[in-house]
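Please open the model in your viewer, with the sequence panel beside it, and keep a selection tool at hand. The stops below are meant to be taken in order.

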Amino acid sequence: MRKILLIIFCSLCTWYFPQAQDLKYYLPDSVTYNPSIPKPKDIIFHEVGEWHVTHDRLFNYMKAIASAAPDRVKLEITGYTYESRPQLLLIFTSRKNHQNLEQIRQQHVQLTDASKSGSLTIDDMPAVVWIGHSIHGNEPSGANASLLSAYYLAAAQGKQIDELLDNVIILFDPSFNPDGLNRFATWANQHKSKNLVTDPNSREFNEVWPGGRFNHYWFDLNRDWLPAVHIESQNRLRKFHEWKPNILTDHHEQGSNASFFFQPGVPSRVNPLTPEKNLELTAKMGKFHAEFLDRIGSLYFTKENYDDFYYGKGSTYPDVNGSIGILFEQASSRGHAQQTANGILRFPFTIRNQFTTTLSTLEAAKALRKELLAYQRDFYQSVIKEGGAAPVKAYVFGSRNDKTKAAIFAEMLVRHQIDVYELNNNLNADPPSMPTAFEKGNAYVVPSNQAQHRLIRAIFEKTLQYKDSLFYDVTSWTMPLAFGLSYSELNTAKFNGSILGTKLEKPVQPPGNLIGAKTNYAYLMEWNELYAPRALHELLDAGIVAKVATNAFTMTVDGANKNFNYGTISVPVQLQSIDAQKLYEAVKEITERNGVTTYSVNTGNVSSGSDLGSSKMLTITKPSIAMLTGQGINALDAGEIWHLLDQRFNLRSTHLDISVFNRVDISKYNTLIMVSGNYGELNKEKLRTWVQSGGTLIVTEEAVQWAAQNGLTNITFKKIKGQDSASTIAYVEKEFRDGAQRMNGAIFRAEVDLTHPLAYGYTTPWVDLFKSNSIFPEKNKNPYSNPYLYKDKPLQSGFITRPNYDAVKNSAAVLVNTLGSGRVISIADNPNFRAFWLGGTKLFMNAIFFGNIIDAGSGRNGE
């Protein structure tokens, strides 16, 4: 009883009593501390938790620690963020281990090599633990706790710390997201009062858009471990695979009215590829977390809310790599002190919990060291056995029409230490996705029987069966479908060593090719390659006139008939303001740089289809793009488009807050993009007038419904059949039934009209799109205005309830409506999902470049 009362009293102290900022509040008193090691305040100029640490001060403290304790700490800069902030990795261990660090690393990594691990002894081998903090920048208690952890690991003295450092190599990342952390720290600090304001309505707790959660491009980096689109993730993964840690911790925050979560998560929501032993070790580690949190009286919970299904998160990616991923979620003060359902939650309290669970993790790693090392060895030995016995012996993927996408996909695989080979000879297969032969030079092979067998399965396999119907994140991410690539599973009859060509070390983007010499007539650029829109933009940006073929045609090129598809770009020489030689040099350079194929032709006469001087060749207007952003707009959706245009296509886009849109002249823009969001304050008449005057409005996901509700289109929507109101269901079932109805994200195949401008560049009559919303448009009455349609069986991979699936079936994925002289292009799903959904890129870029050439009559639906 006394113990219970003590815990309650300690908990009340931490919530209600004035802010405690001295290091004694945080640090264990079971060790002494080296006075020569600088304390955080000595470098960052304030006590831990008194202010939110900015990234520059965090960096300075880590440098100071490394300089003061070189026998214990090694500091590495692993790379730089988009905003040029350094990403750090500190390595803490004993002097003896530092003296043999590279040898220890090499030996440790051999545990993941089944051909070598059997001869290794793990009796004296250190465990490797990665401690990672605050991948969401506005969840700052983790990064601020890193100040304490670094000080403790550098300054603590005595047998306890010596044993830890002898037995554990600690890889220490103080901030997974430096840009977001700095953005949020600046916000929280600039709104702090001397007399702390705890009212949740106060500005301190309500960031301006987009907030500090995201990286520079407004992405959630905790969903990027698998696709690894962003530079921060790529830098981190290099070090992860260089060391292959046994444990990786991921320190987060949750809603302010919660307590503290540590894994295990919901048992039924674990990815089936994760071994049972992983769950067992996670549970064993949980006992250490509970013990350490009990000591300081902190409340906590496990086995609820959070899952381990999607392998693209920091706490799950390790699970498919022979490691143990651990998620920590601390109730967030979001500022310095906030009133919550549990009383006043103070920033130092949140920091102390994160620091405490760092200590519990390290204690668990020391105590379970041999078990963790044995698990890692057994994981990879069992993987090789599974791979050898698997009916799928390899996967082949590629594209004859878009080599760049295939190369980017191959690069992603190699980044995850997956062995990828060039296809050595042509191969006919029965692909699950696209019926095509695979050609040498355009395809790659991934053997199943390799160390990353389980990750390969997670990337390539479709998933249609699930133990649970609730998900914290997406339910499917089948990567070849996302990339829009042909792929096939190869069984024993199809796979043998002779099809394996050169092993890829570092895939490179295929160069483009200008076929033919300088001409005085025209150049024809094919539109199928990923970066064809970038090449077109460079042409237009240079003032070069370009036209698009709205009809297919055939003509003789180099003595042979060549078929040119819808969307071929024509550059007529005589229409240009520069001479033929300069044009040739520009076209050649742009072609080669962007990986496209361009043909030099000396005549406009074709053998079939439309001649090059036909009215079917329409002049392309250079896009002038604006996107609505700001408060109420979905920052993730907007960020995906910003990144797509800026990073992949070098296209400038103006970001207009709604208040700015309402007051400025928008006639300079010919393309306007609206993603999901709240547009209640938008000047709707101004927008309508702009479209009627010839603008192209592109709306995605929930914005499709907003446009219809506000009279910009007359699209109607399917309704979901609800639960029978007469039935009686237990109250406790509501959470599960409501959760199951949410569209967390699945993959659906849309049939495509390849003759439509929005489909130019696609070569198969379908595209796989990602759907994570409840927008189910009915088909437009005009049959020409539904270029992308879901048919009777569109589901490719993922979970969906029957009522939702009934709504998806025979709905429209993309619709076009004419409004005056303008067009409204409604894309019901997300063609740019998390920046790796390259299969939808062509659709979105077509909307930008060709939206205004869509025939007006094809988009009239009785508006």
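What follows is a walk through a predicted model, from a sheet and its helices to some charged side chains.

**The sheet**

Begin by selecting the seven strands of the open sheet, which run in the order E2-E3-E6-E4-E7-E9-E8 and whose pairing is mixed. At the edges you will find strand E2 (73–80) and strand E8 (260–262), each of which pairs on one side only. If you look across the sheet, neighbouring strands are turned against each other by 20° on average, with direction ignored.

Next, colour strand E7 (residues 247–254) and strand E9 (residues 324–331), which pair in the parallel sense over eight bridges. To look at one of these pairings in detail, select leucine 248, whose bridge partner in E9 is glycine 325.

**Helices on the sheet**

Now add helix H8 (residues 159–167), which packs on the sheet and touches strand E3 (86–92), strand E4 (127–133) and strand E6 (168–173). The direction of helix H8 makes about 85° with that of E6. Then show helix H11 (residues 276–295), which lies across E7, E8 and E9 and runs at about 35° to E9.

**Salt bridges**

How many salt bridges does the structure hold? There are 37, and a few of them make useful stops.

Select glutamate 83 and arginine 85, whose side chains meet in a salt bridge with an N to O distance of 2.5 Å; glutamate 83 is partly exposed, with a relative accessible area of 31%.

Return to helix H8 and pick glutamate 163, which forms a salt bridge with lysine 366, the closest N and O atoms being 3.6 Å apart. Because glutamate 163 lies in helix H8 and lysine 366 in helix H12 (residues 347–367), this pair ties together parts that are 203 residues apart in sequence. Lysine 366 counts as buried at 19% relative accessibility, since buried means under 20%, whereas glutamate 163 is partly exposed at 32%.

Move on to lysine 791 and glutamate 751, which form a salt bridge with their closest N and O atoms 3.2 Å apart. Lysine 791 belongs to strand E34 (residues 788–797) and glutamate 751 to strand E32 (residues 746–752), so this pair ties together parts that are 40 residues apart in sequence. Both residues are partly exposed, lysine 791 with a relative accessible area of 35% and glutamate 751 with 38%.

To finish with these pairs, select Lys74, Glu76, Lys239 and Glu242 together, which are joined into one network by salt bridges that share partners.

**A glutamate without a salt bridge**

Go to glutamate 701, in the loop between strand E31 (696–700) and helix H22 (702–709). Which side chain of opposite charge is nearest to this residue? It is lysine 771, 7.3 Å away, and glutamate 701 is buried yet has no salt bridge; a salt bridge would require a side-chain nitrogen within 4 Å of a carboxyl oxygen. Leaving aside residues up to four places away in sequence, glutamate 701 touches, among others, Asp637, Ser676, Ser772, Asn773 and Asp829.

**Last stop**

End at threonine 689, which sits in helix H21 (residues 684–692) and counts as partly exposed at 43% relative accessibility. A distance drawn from its C-alpha atom to that of arginine 749, 60 residues apart along the chain, reads 35 Å.

Definitions and conventions. Residues are numbered from 1 along each chain as its sequence is written. This is a predicted model: local features need pLDDT of at least 70, side-chain atom pairs count only at pLDDT 80 or more; totals for chains, interfaces and linings use all residues. Side-chain values use heavy atoms; hydrogens and water are left out. Helices (H or I, at least four residues) and strands (E, at least two) are DSSP runs, numbered from the N terminus. Buried means under 20% relative accessible area, exposed over 50%, partly exposed in between (1.4 Å probe, protein chains only). Two strands pair if DSSP finds at least two bridges between them. Axes are lines fitted to C-alpha atoms, for helices over the stretch in contact, and angles run from 0 to 180 degrees between N-to-C directions. Contact means heavy atoms within 4.5 Å. Lys and Arg count as positive and Asp and Glu as negative; His and the chain ends are not counted.
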